[in-house]
Amino acid sequence: MPNYLKINFIVVFLLLMVFAGGEQLMAQNFGNTKSVKVDELSDDQIRMMMQRAKSMGYSDQNIIQYAKSEGLSTVEISKLTRRISKIRIEDNKGKETSTKNDEARKKQALTEYLTALALEGEKESLELENLPINQNFGYSVFNNETRELSFETNLDFPPPPDYILGVGDEIVIDIFGASEWNYTELIQPNGQLFLSNVGPMYLNGLTLAEAEKRIKTRLTSVYPELTGAKATTFLQVSVGIVRNISVNIVGEVNVPGTYTVNALSTVFNGLYAAGGPTLMGTLRDIKVYRNGKEVTVVDIYQFLVFGKTNSNIRLQHDDVIIVGPYANRINIEGAIKRPGYYQMLDGETFESLLKYTGGFTSDAYQKKINLVRNSTEKKQISNIYDSQFSIFEIKDGDQYLVGEIQGTFENRVMIKGSVNRPGNYALTDQMTLMNLIQVADGITGDAFTGRVLITRMRDDFSIETISADLSKIIQGAQPDISLKKEDVIQISSIYDLEEEQFIRLSGEVNSPGVYRYAENLSIEDLLFQANGFKRAAKGGTLFISRRPAQQSANAQIESLQLSINEDLGLSAGEYQLRPFDHVIVRRNPNYYEEKTVQIVGQINLPGTYPIESTNQRISDIISKAGGLNEFAYPEGATLIRKTEFHVSNQEQYQRRLNLTNFLNGLDTAMYSESDLLLISKINEEMTYSNKQNSESAENFTALAKKNRIQELANSGIQTNLNNKEAESIALDLKKLMAQKGSPEDLILEDGDIISIPKKLSTIRVMGKILYPNTLQYEASKSVKHYIGQAGGFSNRAKKKHTYVVYANGNAARTSSFLFLKSYPKVAPGAEVIVPEKPVKIGVNTGDLIAITSSLITSLTLVAITLLNKP
């Protein structure tokens, strides 16, 4: 092609891309084709470029070729090729269907659907052709949507020596050495290459190696130093631009037609350009014709499975590639490495099919394969045995199923329980119970040898139990037991057959809890494990609560009282404990620990104060703290006091709690074997569950009290109390300070907190009002004023039950007489609360009629009965 045409095409190509790309492509430097990004081009832009190129007489392949020659990257070339091929396929499909209107297409689809339902055979055929590409082995290689390989010709490498030259090839001749010269010429339509000062020479049809010899022979007349034993001038012949050829690809391909490809293209390159075979097309018998004669048959399976490329020949001008329909298609499923649909040639066997599928999986049952085959009238089932794999021929429509081996064992026996190595073992010939115990490294020290249990499965899969005295078998006093496959041997521990034995210790000891019972365990031993007494135990007493030795209807718990021996050294006559004893170390009633209270807020000397006597009162602490300061609001004083909650534990929960405490008390640094065994058994028995305590809905009064406690916590007071463990008690400081020792002057308890707030100037309005809010306090205003300031009552408000919670926690409700309401007074820091009306479920008309009818009927029957009485 002349150079001016090449330049003209490139300029038009770039102008089209700039014009179609708009602002996005203007940002790129299209003066350099290397900067083009195919992903940024829309389908309409590429389609416009293809149409303009076609109007100038150029093919899709010309676009790709010149884009390569201008330096577009290999990745972008690949993307551009796929986009062009995809658009071409879509356009061809659009042409085929554009002549049909929507109604006709609907009727056609309905007809095909009904036909498929009526004819089972045709339905199966349709389903076969509509299978996904990835289920048909080999099709995804050329498919435009899921291409796994790229069969694009790489023009970056020079043509090989066996490349056959033709019209349009650009020949580059380099002469170097004593003489230097360069020729770059095209092979003319007459097949000749014309060199200046040399003349024409015919190269069409020669290989590149043969052409180099001919050129060297002709140039010897001009450069004699090219020959001889001591040649000083050398020659190299190469191909500059590879010519284009036209090939015809017809048959069952996605885009049949005539394609312009470069002369280095092979059969695979041509199939790739045409979108590959359709699902109706063959992958095993693709024929290539040249000058009316068949030159090769391509079997793509040979390439995919065995890597053979000998049939993938280089194409020549006017070659014809014919992809016919497939001959045999079969389906194989199950325990196979590549299940799916395969094409098979006539005469191929099941052994060949196994090679294409990659063979069996590790769990495949290989002795027999199930086959469903179509006969002339019906289907038939056959079995293929492993001895027939190499001779059994495949037929079209065959469906093969490879099963899996059974999940059962041929020679398994199991032993569990008190053996050193429980688990599964191989059943050997004439294996007995003692043989298996020896293989499992013998029984453990805690094994119960009075009974061994063997669970055996009969031939009909029913279960039987075999029991024996293991101790007699070990001693040889009883015959050994022969084992069978799937026997399960159970040897229990002596601890599995009895309740765990513990001692519970509570009271004034350093480490109360649950302790393991052992023989000869004395009280001193138990207290020694519990790290001794607390100070409060000195001078106290010790109680033992014990289960009765003989259980009966009249049995009672035994209770013993002992004096505390602070010396835990060894002594004679130590009291021996029994299993499940509960040892309680009582506190000395005369032992007194320091108790404190806190006073916070508007007090002259806030802080923590000790309770000096059991009858010390609030007024005493306020006096010690220097009294109230000038900012105090005595009407809002509050006492925060601890509360105690008693949660009854069920027996099972208490048992688990005791076991948990026992585990926590073990020395984790040194576990003995007996400890490890016991821990294992406890962990097997215990299951831990996290219980989430859901809080019930709070009424507004409870919320107000909760706010008092929360405000105290937010003030930075050091306390471990939470909202559930404390309660708020309202105080009348003026009265109790005026009448010290009165009932209002409460006796203090350990942990009490006296809070004296600063006088507030706000009112909080909450509940069923339109806009709950905090408002400024006004001395002369009533409850209705503050509710109005908050937007008024809502539709769900229960107005007559409105109440006020004061700063100290006291509450006052609205009272009413006839139609008059008397709202409580409002004080600084108070909260006005409007409760909600209860939800009323109304009676609809139908229910009312039914109730009325039933009532009338009942009254009528009663009246008739009374009238009929004599």
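Start by selecting Asp-398: at 1% relative accessibility, this residue counts as buried (buried is under 20% relative accessible area, exposed over 50%, partly exposed in between, with a 1.4 Å probe and protein chains only). Before you click on, note that this is a predicted model, where local features need pLDDT of at least 70 and side-chain atom pairs count only at pLDDT 80 or more, while totals for chains, interfaces and linings use all residues. Residues are numbered from 1 along each chain as its sequence is written, and side-chain values use heavy atoms, with hydrogens and water left out.

**Stop 1: around Asp-398**

Asp-398 sits in the loop between strand E14 (379–385) and strand E15 (399–402); helices (H or I, at least four residues) and strands (E, at least two) are DSSP runs, numbered from the N terminus. Show side chains and you'll find that of Asp-398 in a polar contact with the side chain of Tyr-400, at 2.7 Å. A polar contact here is a pair of N or O atoms within 3.5 Å; within protein, one must be able to donate a hydrogen and the other to accept it, and residues adjacent in sequence count only if both atoms are side-chain atoms.

Which residues does Asp-398 touch, not counting those up to four places away in sequence? Select Arg-329, Ile-330, Asn-331, Leu-371, Val-372 and Arg-373; contact means heavy atoms within 4.5 Å.

**Stop 2: strand E13**

Now pick residues 368–374, which make up strand E13. Its side chains alternate: Ile-369, Leu-371 and Arg-373 point to one face and are buried, while Lys-368, Asn-370, Val-372 and Asn-374 point to the other and are not.

Add E14, which runs antiparallel to E13 and is joined to it by seven bridges (two strands pair if DSSP finds at least two bridges between them). Asn-370 has Asn-383 of E14 opposite it, and a hairpin of four residues links E13 to E14. Then add E15: this strand pairs with E13 in the antiparallel sense too, over three bridges, with Tyr-400 opposite Leu-371.

**Stop 3: two nonpolar cores**

Keep Tyr-400 selected and add Ile-173, Ile-215 and Leu-219; these four touch the most other members of the largest nonpolar core, which has 72 residues. A nonpolar core is a set of buried Ala, Val, Leu, Ile, Met, Phe, Trp, Tyr and Cys residues joined through side-chain atoms within 4.5 Å. Apart from that core lies another, of 21 residues, including Ile-415, Leu-433, Leu-483 and Ile-489.

**Stop 4: Arg-456**

Leu-483 is also one of the contacts of the next residue, Arg-456. Find Arg-456 in strand E18 (residues 452–457). Is Arg-456 buried or exposed? Its relative accessible area is 9%, so it counts as buried. A polar atom of its side chain lies 2.9 Å from the backbone oxygen of Ser-482. Leaving aside neighbours within four places in sequence, the other contacts of Arg-456 include Ser-462, Glu-464, Lys-484 and Asp-487.

**Stop 5: the loop after H13**

Go to Ala-530, in the loop between helix H13 (523–529) and strand E23 (541–546). Ala-530 is buried, with a relative accessible area of 0%. Beyond four places in sequence, Ala-530 touches Leu-505, Asn-510, Ser-511 and Tyr-515. Draw a C-alpha to C-alpha distance from Ala-530 to Gly-513: they are 17 residues apart in sequence and 8.3 Å apart in space.

Step along to Asn-531, in that loop between H13 and E23. Asn-531 is exposed, at 52% relative accessible area, and has a positive phi of about 65 degrees although it is not a glycine. Most residues other than glycine have a negative phi.

For another positive phi, near 70 degrees, select Phe-580. Phe-580 is in the loop between strand E24 (558–563) and strand E25 (582–585), and counts as partly exposed at 24% relative accessibility.

**Stop 6: a five-stranded sheet**

Last selection: an open, mixed sheet of five strands in the order E27-E26-E30-E28-E29. Strand E27 (607–610) and strand E29 (726–730) stand at the edges with a single partner strand each, so one side of each has no neighbour in the sheet. Inside the sheet, E28 (residues 638–642) and E30 (residues 753–756) pair antiparallel over three bridges, and Leu-639 has Ile-754 in E30 as its bridge partner.

**Zoom out**

With everything shown, the protein has 20 helices and 37 strands, and 37% of its 870 residues count as buried.
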